[in-house]
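Here's a quick tour of a protein model, meant for someone fairly new to reading structures. Keep the 3D view open and follow along.

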Amino acid sequence: MATFYGLIVSFILQFVAAFIAISLTKLTKYNLSWILISIALFLTAIRRLIEFLPYMFPTYSKDLSMLSSWTGIGTSVLITVSIIFIKKIFKSLKEADKIRKLSERRVLNAIIQTEEKERKRFAKDMHDGLGPILSTVKMSFSALQKSELTEKVSNIINNTSELIEEAINGLKEISENLSPHILSNFGLESMLRTFVNRINYAGRIRIHFSSNLNKERFQTEVEIILFRAICELINNTIRHAEASNAILKIFKTEDMMLIHYKDDGKGFDPKILEKDGSTGSGFNNIHSRLQSVNGRFSVESIPGSGMEAEIVLKLKDIRK
């Protein structure tokens with residue numbers, strides 16, 4: 001008796017499942033694999049009905065048993081074929097996702113290249129436009145210094161000349177940061193060493209830099225992305241961390257490049273990055289840029305304990 005009621009419940013549940021599956025066919029845009037699964041569920045419900053019929057018609061039990069077997073075979077065939085089609089669908093989705101990520105990287109690379117072109121153009125305009133003007137003004141003041149002037153006027157001219165010299169040096173530094181020729185000519189390690197030495201000379205913070213790259217060159221866009229990322233980390237330290245020291249290590253293994261950065265500043269709550277537009281956007285820019293070269297970026301910090309950041313790349317993705 002328990003088997004009888006079990007078959008009734010199973011039959012009802014199978015028909016409900018088949019009905020729901022068939023009703024969703026339109027939402028799947030009449031996907032063939034879904035249609036096959038729906039038919040398989042319907043045949044399973046039919047099979048349950050066939051298993052139930054011998055209780056009502058005992059004389060036909062043998063014929064009904066054979067029909068049940070063939071129904072089971074048909075159901076198995078439909079499920080097998082539908083799984084094959086589903087496998088193809090997942091493969092297509094995987095390919096589509098791969099194409100989407102590749103397109104995103106191409107778009108991001110195009111944006112980065114456009115930014116670098118604009119940086120170079122702006123740096124050239126400043127160097128070729130403001131540079132000569134400031135140099136001419138400096139020469140004019142130098143000529144004035146040779147004239148017979150009162151002590152007060154002479155001091156004013158000397159001070160102005162020094163300010164112009166500072167402006168010229170500042171212009172050179174801005175131009176170099178916008179479009180670093182050392183990076184394009186000598187590579188990432190040399191550019192970072194020059195950049196770190198310049199910061200250490202200013203005396204605001206002490207950066208300890210070490211590397212085993214041995215001046216190895218990498219793809220141009222990769223060197224640019226890594227240089228901008230490290231500059232962003234250092235600038236964040238200078239602007240926000242109130243740190244005295246920072247450590248920058250760049251080393252390569254057999255198949256990986258690892259960049260580790262750490263400062264002894266006041267640290268921060270990582271959750272603030274989601275709310276703080278300035279710091280958060282800087283880290284987001286680093287993350288998105290590194291994604292374009294299959295790089296990984298992570299940041300850890302505890303209030304009062306400084307900040308640590310790590311960049312990891314596969315050498316096969318970045319070597320020339």
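Before we look at helices, here is a handy yardstick: the expected span of a helix is 1.5 Å times one less than its number of residues. One caution as well: this is a predicted model. The protein chain has nine helices and five strands, and the briefing below takes them topic by topic.

**The overall picture**

- Going from the N terminus, the elements come in the order α-α-α-α-α-α-β-α-β-β-α-β-β-α.
- Of the 320 residues in the protein chain, 32% are buried.
- Take the contacts with a separation of 6 or more: 68% of them are between residues 24 or more positions apart.
- About 20,300 Å² of the protein chain is exposed, and 61% of that comes from carbon and sulfur atoms.

**The sheet**

- As general background, strands in a sheet pair through backbone hydrogen bonds, and the pairing can be parallel or antiparallel.
- Here, five strands make an open sheet, ordered S1-S2-S3-S5-S4, with mixed pairing.
- S1 (206-211) and S4 are the edge strands, each pairing on one side only.
- From one strand to the next, the twist averages 10°.
- S1 runs parallel to S2 (residues 245-252), and six bridges join them; Ser211 sits opposite Ile250 of S2.
- S3 (residues 256-263) and S5 (residues 307-314) are antiparallel, with eight bridges between them. Look for Ile259, whose bridge partner in S5 is Ile311.
- S4 (residues 296-301) is also paired with S5, in the antiparallel sense and over six bridges. In this pairing, Ser298 stands opposite Glu310 in S5.
- S4 and S5 make a hairpin with five residues between them, and Gly304 in the turn has a positive phi of about 90°.

**Two helices to find**

- How many residues does H6 have, and how far does it reach? H6 has 15 residues and spans 21 Å from its first C-alpha to its last, close to the expected 21 Å.
- Quite a few H6 residues are buried, including Leu188, Met191, Leu192, Val196 and Ile199.
- Just past the end of H6, Gly203 takes a positive phi of about 85°.
- H6 lies across S1 and S2, and runs at about 160° to S1.
- H7 (residues 220-241) has 22 residues; from first C-alpha to last it reaches 31 Å, close to the 32 Å expected at 1.5 Å a residue.
- Just after H7 comes Glu242, with a positive phi of about 55°.
- Which strands does H7 lie across? H7 crosses S1, S2, S3, S4 and S5, running at about 10° to S3.

**Aromatic rings**

- To describe a pair of aromatic rings, you give the distance of the centres and the angle of the planes.
- Searching the whole structure turns up three aromatic pairs.
- Phe195 and Phe227 make an edge-to-face pair, at 5.8 Å centre to centre and with 80° between the planes. Planes over 60 degrees apart count as edge-to-face, so the 80° here earns that label.
- That pair links distant parts of the chain: Phe195 belongs to helix H6 (residues 188-202) and Phe227 to helix H7, 32 residues apart.
- Are Phe195 and Phe227 buried or exposed? Both are buried.
- Elsewhere, ring pairs link Phe268, Phe283 and Phe297 into a cluster.

Technical notes:
Residues numbered from 1 in each chain as written. Predicted model: local features only at pLDDT ≥ 70, side-chain atom pairs only at ≥ 80, totals over all residues. Heavy atoms only, no water. Pairing = 2+ DSSP bridges. Helix = DSSP H or I, 4+ residues; strand = E, 2+ residues; numbered from the N terminus. Phe/Tyr/Trp six-rings, centres within 6.5 Å; stacked < 30°, edge-to-face > 60°. Buried < 20%, exposed > 50% of the residue type's maximum accessible area, 1.4 Å probe, protein only. Contact = heavy atoms within 4.5 Å. Areas by Shrake-Rupley, 256 points an atom, 1.4 Å probe, with all protein chains shown as cover. Axes fitted to C-alpha atoms, helices over the stretch in contact; angles between N-to-C directions.
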